[in-house]
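Take a walk through this structure, one region at a time. Keep the coordinates open as you read.

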Amino acid sequence: MAAAAPPRPGGFVLFLHGSGGSGDESRAEVAPYFAAPELAASVRLSFPTAPTAPIACYGCNLLCCFAFWMLCKARGAVITAWFGVTEVPITAKTVRDEKEVLKAVDYVHALLDEEIASGTSPSDIFVCGLSQGGALAIASVLLYPKTLGGCAVFSGSVPLSKSFADKVSPEARKTLVLWFHGMADGLVLFEAGHAGCAFLEELGMTCEFKSK
């Protein structure tokens, strides 16, 4: 049996971009907030890029949604996406292909397992995401069997049905969640974010919701 890695100091932040984005774009936007010397020296950042997938109608605002969908159909376009989306805007009742969501969750869990195996304490790991990345972030935290340092969701939603509540371990329920959502968001509606946070609170989790 291989010896356990020695404790690794500092924190680890995993940031998941939205549909149509990339890890490089997220790094350019997010990394500057960690540029202060004390943070740069103690926080490791990771910005993975989702695989490409055909998405019928996503990555557009509400007004151009139909035109974007027709263009994608005509060109057979593919964009980066963690899982498929069948409709926009995303509402509190939007249904996803949960098999695709769980496949993406497994990918995130592999990244977390690798970081923990390298010596990072789960309490020093933070999973964050924007839009679809935010949905994947919270799904990954809910189904991870350890208590993490925290999760930050930016204009995301919970992409799993309430039937998954029984699969959320007591350890996962202790992970703190900070949820930001814009009231004028036309892609992931405010109701979806608000309902997501309410669902977490039903699980007994601490979710601080901030809107603008």
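Leaving aside its neighbours within four places in sequence, which residues is Arg 96 in contact with? This is a predicted model, and the answer comes from its atoms. The partners of Arg 96 beyond four places in sequence are Phe 83, Gly 84, Ile 90, Val 101, Ser 157, Val 158 and Pro 159. Arg 96 itself sits in the loop between β4 (79-80) and α4. Its relative accessibility is 12%, so Arg 96 counts as buried, the limit being under 20%. One of its partners is also joined to it by polar atoms: the side chains of Arg 96 and Ser 157 make a polar contact of 2.4 Å. A further pair shows how distant parts of the chain meet here. Arg 96 and Ser 161 are 65 residues apart along the chain, yet their C-alpha atoms are separated by 8.9 Å.

Follow the chain into α4, which covers residues 98-117. Glu 115 belongs to this helix. Is Glu 115 buried or exposed? Glu 115 is buried, because its relative accessible area is 9% and the limit is under 20%. Its side chain has a polar contact of 2.7 Å with the side chain of Thr 120. Thr 120 is also among the residues that Glu 115 touches beyond four places in sequence. The others in that set are Arg 8, Phe 12, Arg 44 and Ile 125.

Now turn to the nonpolar interior. The largest nonpolar core has 40 residues. Val 127, Ile 138, Leu 142, Val 177, Trp 179 and Leu 200 have the most contacts inside it. Two or more residues come from each of β1, α4, β5 (125-130), α5 (132-142), β6 (150-154), β7 (177-181) and α6 (190-202). Of these, α5 gives the most, with seven residues. Ile 138 makes a good stop on this tour. Not counting residues up to four places away, Ile 138 touches Cys 151, Val 153, Ser 157, Val 158, Pro 159, Val 177, Trp 179 and Leu 200. Apart from the largest core lies another, of seven residues. Val 13, Val 30, Phe 47 and Ala 152 are among its members.

Val 30 leads to the helix α1, residues 23-30. Gly 23, Ser 26 and Val 30 are the buried residues here. Down the axis of α1, these buried residues fall within an arc of 60 degrees, so they line one face of the helix. Asp 24, Ala 28 and Glu 29 are exposed on the other side. What does the buried set of α1 pack against? It packs against β1 (11-16).

Helix periodicity is useful background. An α-helix has 3.6 residues a turn, so residues three or four places apart point the same way.

Next comes α6. This helix has 13 residues and reaches 19 Å from its first C-alpha to its last, close to the 18 Å expected at 1.5 Å a residue. Its buried residues are Ala 192, Gly 193, Gly 196, Cys 197, Phe 199 and Leu 200. They fall within an arc of 155 degrees seen down the axis of α6, so they line one face of the helix. The cover over them includes α5, β7 and β8. Just after α6, Gly 204 takes a positive phi of about 90 degrees.

Cys 197 brings up the cysteines. How many disulfides does a search of the whole structure find? The search finds one. Cys 197 and Cys 207 form it, with sulfur atoms 2.3 Å apart. Cys 197 lies in helix α6 and Cys 207 in strand β8 (residues 207-211), so the pair ties together parts that are 10 residues apart in sequence. The S-S torsion is about -130 degrees, so the disulfide is left-handed. Both Cys 197 and Cys 207 are buried.

Why is there no bond between Cys 128 and Cys 151? The sulfur of Cys 128 is 6.7 Å from its closest cysteine sulfur, in Cys 151, which is too far for a bond. Cys 128 counts as buried at 11% relative accessibility. Cys 151 is buried too, with a relative accessible area of 4%.

Notes:
Residues are numbered from 1 along each chain as its sequence is written. This is a predicted model: local features need pLDDT of at least 70, side-chain atom pairs count only at pLDDT 80 or more; totals for chains, interfaces and linings use all residues. Side-chain values use heavy atoms; hydrogens and water are left out. Buried means under 20% relative accessible area, exposed over 50%, partly exposed in between (1.4 Å probe, protein chains only). Helices (H or I, at least four residues) and strands (E, at least two) are DSSP runs, numbered from the N terminus. The arc is that of the directions from the helix axis to the C-beta atoms. Contact means heavy atoms within 4.5 Å. A polar contact is a pair of N or O atoms within 3.5 Å; within protein, one must be able to donate a hydrogen and the other to accept it, and residues adjacent in sequence count only if both atoms are side-chain atoms. A nonpolar core is a set of buried Ala, Val, Leu, Ile, Met, Phe, Trp, Tyr and Cys residues joined through side-chain atoms within 4.5 Å. A disulfide is a pair of cysteine sulfur atoms within 2.5 Å. The expected span of a helix is 1.5 Å times one less than its number of residues.
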